[in-house]
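Visitor: I've never read a protein model before. Could you walk me through some of its features?

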Amino acid sequence: MRPAVLACALVLLLVRGMLGAQQVSPELKEAAFAWDAGDYVSALEGYLRVLDGPDGVRLRGEIAKLTGEPYRVVEIALNGSSVRVGPTSRYGTFIYDDGGVPMVAVVDLRGSPSIQSTFPGHEVVLSGVGTAAILRVSSTSAVRNDASELAAAFTSGDRAALNAARSRSRWVRAQNTQVVMRDLGSGNERVVPMGDLIPVDMGFSHDGRTLMLAAGLAGGRDSQIYAIRSSRLEPEPILTGRGFKSSPHAVPGGRFVLYTRPARDPMPQPPGRQPGTQEEGFDLVDLRENDILSFAGRDPVLSADGNTLAFVTERDGETSIEVLDLDPLGAAPGRAMRSTRIVLRTRDPIANPALSPDGEMIAYQRRPFADWDIFVIGTDGESAEVQVTNEIQHDLRPVFIDSRRILAAKGEGRHRRSYIYDLTDGSVTKLFHNNTVRTIAPEYEWAVGDGGTKVMIVSERDGDTVSPERGVYVVDLLAEVSMAEVRNRLVTNLDAERRLRSEGERIFRPITGRVRQVTERVSVERVFRYEADLYEFGSKYITEPGNRRAADYLISTLESFGYAPELQWFEARGVTTANVIARLEGTIDPQVVCVVSSHYDSVRRGPGADDNTSGTAALLETARVLRHSGMPITIEFAFFTGEEAGLLGSREYVRRAQDGGKEIVCALNNDMIGWSNDHRLDNTIRYSNAGIRDIQHAAAMQFSDLITYDARYYKSTDAAAYYEVYGDIVGGIGSYPVLGNPNYHQATDRLETINHRLVAEVAKTTVATIMLLASSPSRLTGLAARRSRVGVQVTWDAVRESDVTDYLVRFTRADGVVQVREVTTFAGEVPRVLLDDLRSGSLVEVKAVNDRGLEGWDWARIRLVD
């Protein structure tokens, strides 16, 4: 659920009386509905009044849930991955990179979580008795030589050579991987004598005194299960035989060991040899009876008490969940436990089963339609299935926090969010956020320990999906945020929203009337007509006939608006295809260009109604309403082909622009803007430039009904082509939640799933944004600072636009006051200013102002270093 849906959920909870028997404040309901409508200033003001009123203490938790995180969150590291929580929840771990060396960080989860120790390793498992088993690559000459060869292959640009180097590297590293046992208290380590064995993966026994290890001989085709006991480190084979084995797991009680038989050999292979294959399944080794119980199935899971095993089977077009009662204490003979019971049969796909700690319930994801949902069912074979989630986004990866609560993820891989579902009262709680109104916080990994008190999360909490860092966080489910923390959150966000609104009104003021006249011409009827026409061409992938038909349609439609569009033909991957470019010539500085783009192709398997007929339709309507609105600089409307084949069209456009010396100063790229999962008209600003981001927020608030969020995001989109050559000049709009559409890249991406008014509102926002960008000075270049005896001399290049009259210089004085100084220069002069009262380490920012009173849309920045 989004904050909007949670707001509605709150109202429903209030009606049901689940927040208590007292009379509910009407002001809280009004605030919830204002939040749902995207009127965040009114909503935050209302929440503050409720929080400071007589019901504030009682409703603090609900307000916290609606506006951000309900529990305390601690940032553990700026970058990490592969989070795990140990069996007793005392320790957690994650992996991070230290100058090319993979490192393990151990986090003490007691009290205020913090990093206890770090050491080399690329994989780690924890016992419940303070021991860690680590996989670590030794720094041998072979490993060092391999690293050099791999680096050379990366820089060569030869894809075949790189793939070969990667394959060779996996083999070399596998041959030099150690298994190390480490005492977390003392830091003492012991290396397991592996001989010629190559470790695959591992897991501790329930008592933490034995490590179960899957390993195989170097170059061999089989892997075995070994026991490594704390008293004696020599690997002892407990299971041998043909085939490859993985994921060893000691069942509580000590009687059974579970391992999987993957369909594909997980062991690294020598260069040139392909991994072997076998029938997928899993085995249960009965150590007391010296017997093996083999099962055909996948995804075996155990309950925490070791009494219940569940797994998924597929036969004759049906998918089933089967359950097996275990006897871990060893009273019943092993053969008596071969009989399983089927608790669910369906023709829908099923994945990621999870058992409750007591083994009485199983949660799983099932896909009855286009999206995955979470369901639960009893393991007794008699209980009815219960649907836990029922939203059109994917709901995935359920795990029991305790016997009554499930943690699950929502969304597509590039923007998932975690939620807690209470099975007793039906409540839903968003677990993690960044406590802002606008910026999204994609999550990527979750780990929950026994008892469900701490959750480790990997997230881009700041909304920056471009930088490689992903932070590691710990959520304490026993520590709710305080009244003071909630109040500070509300005040901070209210101040930010007021500034965003007032600054947006200020920067648009010189052209507000003109922008409103143009945006009011946007027609949802026309938008739908473009969409319906393009949809009729079916798949528009570069190899499909629909690609050329779509290009022809774009040409004729643009010509009907009065443009003279250009077909930008090129050949890629044996196919000839074309970008379609229309140009609105600038009236003052036509040599300066701002681009608005969308790709018109789709994936091969479907018509791409959202991806990206929606963006194409919005771009056509933007071009139509701007046709007779001359702008100071040139606007190019670029309809790209080949995005789904690897950003082919955008890179060809940028290549030609660069070769021809085209001065592109800003770009907007819209992609997937038409799908919505509820009644709200919302989308995400996907930007590299924060100045453009804020202009788009302002444009949406003043000239459309669009509700906007934001993320620094351009990877794997046509916006990346601009960034690679022209740098930080990119904005645009994409779906909210980012790629949340369950029809993404599917044949089900059909016209009936599109909200056509949403597309029209994005077109209005795009029109308003591009009008301001094209009317304002672009960002300055060549900013430099030189310290002298009399102060700091700041210089910059003269602007490209001919209508600039002044410059604004913003800096922090020595007394800590932020000052803005106006600078006037004359033709032929190098723009400069002498700052004699600059604070040490200050950030100096400069932008231009033109003769219409419009400021540059972003500051050029330089930080002085002493």
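Visitor: What do the buried residues of H10 pack against?

Guide: This is a predicted model, so keep that in mind as we go. The buried residues of H10 pack against two helices, H9 (524–535) and H11, and against strands S33 (566–572), S34 (575–584) and S36 (633–640).

Visitor: Which residues of H10 are buried?

Guide: Here's the general idea: an α-helix has 3.6 residues a turn, so residues three or four places apart point the same way. In H10, the buried ones include Gly546, Asn547, Ala550, Ala551, Leu554 and Leu558. Tyr553, Ile555, Thr557 and Phe561 are buried too.

Visitor: How does the span of H10 fit what's expected at 1.5 Å a residue?

Guide: H10 covers residues 545–561, which makes 17 residues, and they should span 24 Å. The end C-alpha atoms are 25 Å apart, which agrees. Just after H10 comes glycine 562, with a positive phi of about 110 degrees.

Visitor: And H9, what does its span look like?

Guide: H9 has twelve residues and reaches 16 Å from first C-alpha to last, close to the 16 Å expected. Its buried residues are Val527, Tyr530, Glu531, Ala532, Leu534 and Tyr535. They pack against H10, H11 and helix H15 (756–775).

Visitor: H11 keeps coming up. Is arginine 624 buried or exposed?

Guide: Arginine 624 sits in H11, which runs over residues 609–626. The cut-off for buried is under 20% relative accessible area, and arginine 624 has 18%, so it counts as buried. Leaving out residues up to four places away in sequence, arginine 624 touches Arg521, Val522, Ser523, Arg526, Tyr530 and Phe561. You've met Tyr530 among the buried residues of H9, and Phe561 among those of H10.

Visitor: How do H2 and H3 cross?

Guide: Two packed helices are described by the angle between their axes and the distance between the axes. For H2 (residues 26–36) and H3 (residues 40–51), the axes come within 8 Å and cross at roughly 155 degrees. The two helices are therefore roughly antiparallel to each other, and the crossing is left-handed. On the H2 side, the contact is made by Glu27, Leu28, Ala31, Ala32, Ala34 and Trp35. Residues from H3 in this contact include Tyr40, Leu44, Tyr47 and Val50.

Visitor: What is the mean pLDDT of the chain?

Guide: The mean is 91, and 96% of residues reach 70 or more. Over residues 1–22, though, the pLDDT is below 50, and this stretch has 46 contacts in the model beyond near neighbours in sequence. Where pLDDT is low, the predicted coordinates should not be read in detail.

Note on methods:
Residues numbered from 1 in each chain as written. Predicted model: local features only at pLDDT ≥ 70, side-chain atom pairs only at ≥ 80, totals over all residues. Heavy atoms only, no water. Helix = DSSP H or I, 4+ residues; strand = E, 2+ residues; numbered from the N terminus. Buried < 20%, exposed > 50% of the residue type's maximum accessible area, 1.4 Å probe, protein only. Contact = heavy atoms within 4.5 Å. Expected span 1.5 Å × (residues − 1). pLDDT = per-residue confidence, 0-100. Axes fitted to C-alpha atoms, helices over the stretch in contact; angles between N-to-C directions. Parallel < 35°, antiparallel > 145°, perpendicular 65-115°, else oblique. Left-handed = near helix turned anticlockwise from the far one by under 90°.
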